[in-house]
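Here are my notes on this model, set out point by point. Have the coordinates open while you read.

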Amino acid sequence: MATPLGWSQGGSGSVCLAFDQLRDFIESQEELIHQLRNVMILQDENFVSKEEFQAVEKKLVEEKAAHAKTKVLLAKEEEKLQFALGEVEVLSKQLEKEKLAFEKALSNVKSRVLQESSKKDQLITKCNEIESHIIKQEDILNGKENEIKELQQVICQQKQIFRNHMSDFRIQKQQENYMAQVLDQKLKKTSGMRQARRHQRLREK
């Protein structure tokens with residue numbers, strides 16, 4: 001912010017101090033003028049000399065000029081003070097506006113942080129639930145795999161038993177076939193011997 005002409009960087013406090021000092025100076029000048037007037041009245045009453053009167057009159061003129069100059073200076077200082085107060089008011093309003101905007105932004109950030117924190121907690125809870133469910137499913141799958149392995153072992157054992165039975169059955173079947181063949185040969189041989197005996201008996205007759 002640019003500094004006005006004749007304006008010090010001290011702020012409104014220094015301006016007010018200067019203003020008070022000038023006001024006191026003006027009051028003292030007015031009091032002095034009043035005293036000079038009384039002196040002139042007394043001199044008139046006492047029939048003072050022309051030289052004394054002119055000296056007093058000159059001093060009065062000088063005091064009036066100084067008084068007028070002081071009033072001008074005071075008016076300028078008052079103008080500076082009003083300008084400074086106006087700037088302070090503008091800055092105060094701007095600061096208040098920025099403060100409200102900051103508080104609103106901060107409130108929005110806090111709200112978003114709380115929402116994100118709530119979402120994060122919900123996601124963590126959901127992930128924990130999914131992880132727990134996966135662990136349960138893995139335990140179930142492991143149990144099923146163990147059952148399958150046990151069933152596979154039982155099936156292998158049953159297959160082996162079945163193969164053994166089939167092998168025993170083939171051996172038994174081969175033995176039965178062999179016995180049947182031997183028996184059939186014996187029967188044929190016995191039947192041939194009987195027929196030969198019959199032919200021989202027939203010949204003998």
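1. Contact first, as several points lean on the term: it means heavy atoms within 4.5 Å. Taking the contacts in the protein with a separation of 6 or more, 74% come from residues 24 or more positions apart.

2. Some housekeeping. This is a predicted model, where local features need pLDDT of at least 70, side-chain atom pairs count only at pLDDT 80 or more, and totals for chains, interfaces and linings use all residues. Residues are numbered from 1 along each chain as its sequence is written, and side-chain values use heavy atoms, with hydrogens and water left out.

3. The fold inventory is quick to read: the protein has 2 helices and 0 strands. Both terms refer to DSSP runs numbered from the N terminus (H or I of at least four residues for helices, E of at least two for strands). Helix α1 takes in residues 12-45, and helix α2 covers residues 50-204.

4. How much of the protein is buried? Of its 205 residues, 10% are. Here buried stands for under 20% relative accessible area, exposed for over 50%, and partly exposed for what lies in between (1.4 Å probe, protein chains only). The accessible surface of the protein is about 17800 Å², and carbon and sulfur atoms hold 57% of that surface. These areas come from the Shrake-Rupley method with a 1.4 Å probe, and for residues only the protein chains shown count as cover.

5. Now to where the helices meet, starting with Leu 36. Leu 36 lies in helix α1 and counts as buried because its relative accessible area is 10%. Setting aside neighbours within four places in sequence, Leu 36 is in contact with Val 56, Lys 59, Leu 60 and Glu 63. The C-alpha atoms of Leu 36 and Val 56 are 7.4 Å apart, with their positions 20 residues apart along the chain.

6. Glu 63 picks up the thread from the other side, in helix α2. Is Glu 63 buried or exposed? Glu 63 counts as buried, because its relative accessibility is 16%. Apart from neighbours within four places in sequence, Glu 63 contacts Gln 29, Leu 32, Ile 33 and Leu 36. Take Gln 29: this residue is 34 residues from Glu 63 along the chain, yet the two C-alpha atoms are separated by 7.1 Å.

7. His 67 is worth a look too. His 67 sits in helix α2 and is buried, because its relative accessible area is 10%. Not counting residues up to four places away in sequence, His 67 touches Ile 26, Gln 29, Glu 30 and Ile 33.

8. Leu 73 is another helix α2 residue. With a relative accessible area of 39%, Leu 73 is partly exposed. Between Leu 73 and Leu 22 there are 8.3 Å in space, C-alpha to C-alpha, and 51 residues in sequence.

9. On to charge pairs. Side chains of opposite charge can pair when their charged atoms come close. The rule for a salt bridge is a side-chain nitrogen of Lys or Arg within 4 Å of a carboxyl oxygen of Asp or Glu, and by this rule the count is 2.

10. One salt bridge joins Lys 80 to Glu 77, with 3.7 Å between the closest N and O atoms. The two residues are 3 apart in helix α2, about one turn of the helix. Both partners are buried: Lys 80 has a relative accessible area of 17% and Glu 77 one of 14%.

11. The other pairs Glu 89 with Lys 93 at 3.5 Å, N to O. About one helical turn separates Glu 89 and Lys 93, because they are 4 residues apart in helix α2. Glu 89 is partly exposed at 45% relative accessibility, whereas Lys 93 is exposed with a relative accessible area of 56%.

12. Last, a surface patch. Phe 162, Met 166 and Phe 169 make up a nonpolar patch on the surface, together offering about 310 Å² of accessible area. Patches are made of residues with over 30% relative accessible area and no salt bridge; like charges are joined within 9 Å, and nonpolar side chains (Val, Leu, Ile, Met, Phe, Trp, Tyr) within 5 Å. Met 166 lies in helix α2 and is partly exposed at 31% relative accessibility.
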